[in-house]
Amino acid sequence: MIEHTLDFDNLTKKDCAETFELLKKELVVVIKKAPTDPVFFHRLVAGMSHIANWQQCFWDVEGNFKSVPTEPLDPWSVDEVLVQRVTAKEKDDKPTGIFPKGKLDWHANLNGPDRADGVALQGYAGVEGTVTSWLDTAEAYRVMPQSLRDKIKNKYCTYTYNMAKWAETPWHLPHAREEDSYRMWIEQQNIAGVKGLYFYTNNDLEVCDDDIGLYEELKAFLFQEKFMYHHEWEVGDIVLSDQLLTLHRRPLRSDEVFEKRILHRLTFPISNTSEPKFIIEKNKNCYGDNK
């Protein structure tokens, strides 16, 4: 994790590109107390890459549903944008955000090698005293004993998307589909050459060769406190993360806390900005002749 400073009133696309390069290397970038006008947040993400979840940005900042966008918007050419919210707050008995209540355990935005592998969160309101945690698999890989490295070499896992395992109250857009089973190597590296792990235990997971012993050993090694960063939110904070090589979660809190807490969320490609997509190319050999 690294803290970064930006002048949002004078933000340039060069600033965004430099932030993007920093993110590729550091995996988690924290920008403290940025302006909460979401147009700045959207400009930052669009300036780094492109906004992947633009079709899910259909609330205004007060949580009023407006409309589902039919085409992506260039935030550099407008003064107002719609947002995707993470909150349990309701209006007229309708949700005003995703992932409303209950647990939100370790998960990644990258639910398949073709997906957007970056996520950006901004604390908009009611975030004080709440925490989101990130797990840095690159640091874990760096200090991993050679004996464990040898065991994971050329090992892949087969994953099946299962939101119910990591989100007590899933969001209201349908996601689980039969084709959401996929394979990825345990050892990974992003487009900047940073090496780490993709080991998403809260999707349904099978290690190749049914190696249960390896699953338990790797899980015990990876989910150690020393590999975690706990972000204590303040209003305006932005956290950018590489979701190929990190996982994130929020601790369980009361419904009342999550009703007050509002985050804005954007997803975007990092390694998968290229065509053919970088992560697909790096993992296609998992499939052998069955691809």
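## Sheets, helices and cores in a predicted model

Author: Let's start in the middle of a sheet: β7 and β17 run antiparallel and are joined by 7 bridges. Please keep in mind that this is a predicted model.

Reader: Happy to start there! Which residue is the bridge partner of L121 in β17?

Author: Strands β7 and β17 run antiparallel. Within that pairing, the β17 residue that partners L121 is R265.

Reader: What is the order of strands in the open sheet of 6 strands?

Author: This sheet is open and its pairing is mixed. The edge strands, β1 (2-4) and β3, each pair on one side only. Read across, the order is β1-β2-β15-β7-β17-β3.

Reader: Which residue in β17 does R85 stand opposite?

Author: β3 is one of the edge strands. It runs antiparallel to β17, and 2 bridges join them. In β17, the residue opposite R85 is H264.

Reader: How many residues of β17 are buried?

Author: Take the two faces in turn. On one side sit I262, H264, L266 and F268, and on the other L263, R265 and T267, with both sets buried. The strand is therefore largely enclosed by the rest of the structure, and its buried count is 7 of 7.

Reader: And β15, which of its residues point the other way from I238, L240 and D242?

Author: β15 is mostly covered, with 5 of its 5 residues buried. I238, L240 and D242 point one way. Pointing the other way, and buried too, are V239 and S241.

Reader: How many bridges join β7 to β15?

Author: β15 has β2 as one partner, in an antiparallel pairing over 4 bridges, where V30 stands opposite V239. With β7, A120 is found opposite L240. β7 and β15 also run antiparallel, and the number of bridges joining them is 5.

Reader: Which strands of the sheet does α2 touch?

Author: Helix α2 packs on the sheet, and its direction makes about 20 degrees with that of β17. The buried residues of α2 pack against α1 (13-26) as well as strands. The sheet strands touched by α2 are β2, β7, β15 and β17.

Reader: Why is α2 said to be largely enclosed by the rest of the structure?

Author: The buried residues of α2 include P38, F40, H42, R43 and M48. Helix α2 spans residues 38-48, and it is largely enclosed because its buried residues number 10 of the 11.

Reader: T87 caught my eye. Is it buried or exposed?

Author: T87 is placed in the loop between β3 (85-86) and β4 (90-91). Its contacts include T96, P100, F258 and I262. Under 20% relative accessible area is the cut-off for buried. At 2% relative accessibility, T87 therefore counts as buried.

Reader: Which residue has its backbone oxygen 2.9 Å from a polar atom of the side chain of T87?

Author: Among the residues T87 touches are E259, R261 and I262. The backbone oxygen lying 2.9 Å from a polar atom of the T87 side chain belongs to R261.

Reader: Let's turn to the nonpolar interior. Which helix gives the most to the largest nonpolar core?

Author: The largest nonpolar core has 55 residues, and I152 and Y159 have the most contacts inside it. The helix giving the most to this core, with 5 residues, is α5. A second, separate core of 25 residues includes L6, L23, F41 and F268.

To end on the name you asked for, the helix is α5.

Reader: Within what arc do the buried residues of α5 fall?

Author: The buried residues of α5 are L214, Y215, L218, F221 and L222. They line one face of the helix because, seen down its axis, they fall within an arc of 140 degrees.

Reader: Which exposed residues does the face turned away carry?

Author: The buried side of α5 has cover that includes β8 (131-136), α3 (137-142) and α4 (146-152). I152 touches L214 and L218, among others. On the face of α5 turned away from its buried side, the exposed residues are I212 and A220.

Reader: Last one: which strands stand at the edges of the sheet of 4 strands?

Author: This open sheet has antiparallel pairing and the order β6-β16-β8-β14. β6 is joined by 2 bridges to β16, where H248 is the bridge partner of H107. Each edge strand has a single partner, so one side of each is left without a neighbour in the sheet: these strands are β6 (104-107) and β14 (228-232).

How values were computed. Residues numbered from 1 in each chain as written. Predicted model: local features only at pLDDT ≥ 70, side-chain atom pairs only at ≥ 80, totals over all residues. Heavy atoms only, no water. Core = buried A, V, L, I, M, F, W, Y, C linked by side-chain atoms within 4.5 Å. Buried < 20%, exposed > 50% of the residue type's maximum accessible area, 1.4 Å probe, protein only. Contact = heavy atoms within 4.5 Å. Pairing = 2+ DSSP bridges. Arc of directions from axis to C-beta. Polar contact = N/O pair within 3.5 Å; in protein donor to acceptor, adjacent residues only side chain to side chain. Axes fitted to C-alpha atoms, helices over the stretch in contact; angles between N-to-C directions. Lists of a residue's contacts leave out its neighbours within four places in sequence.
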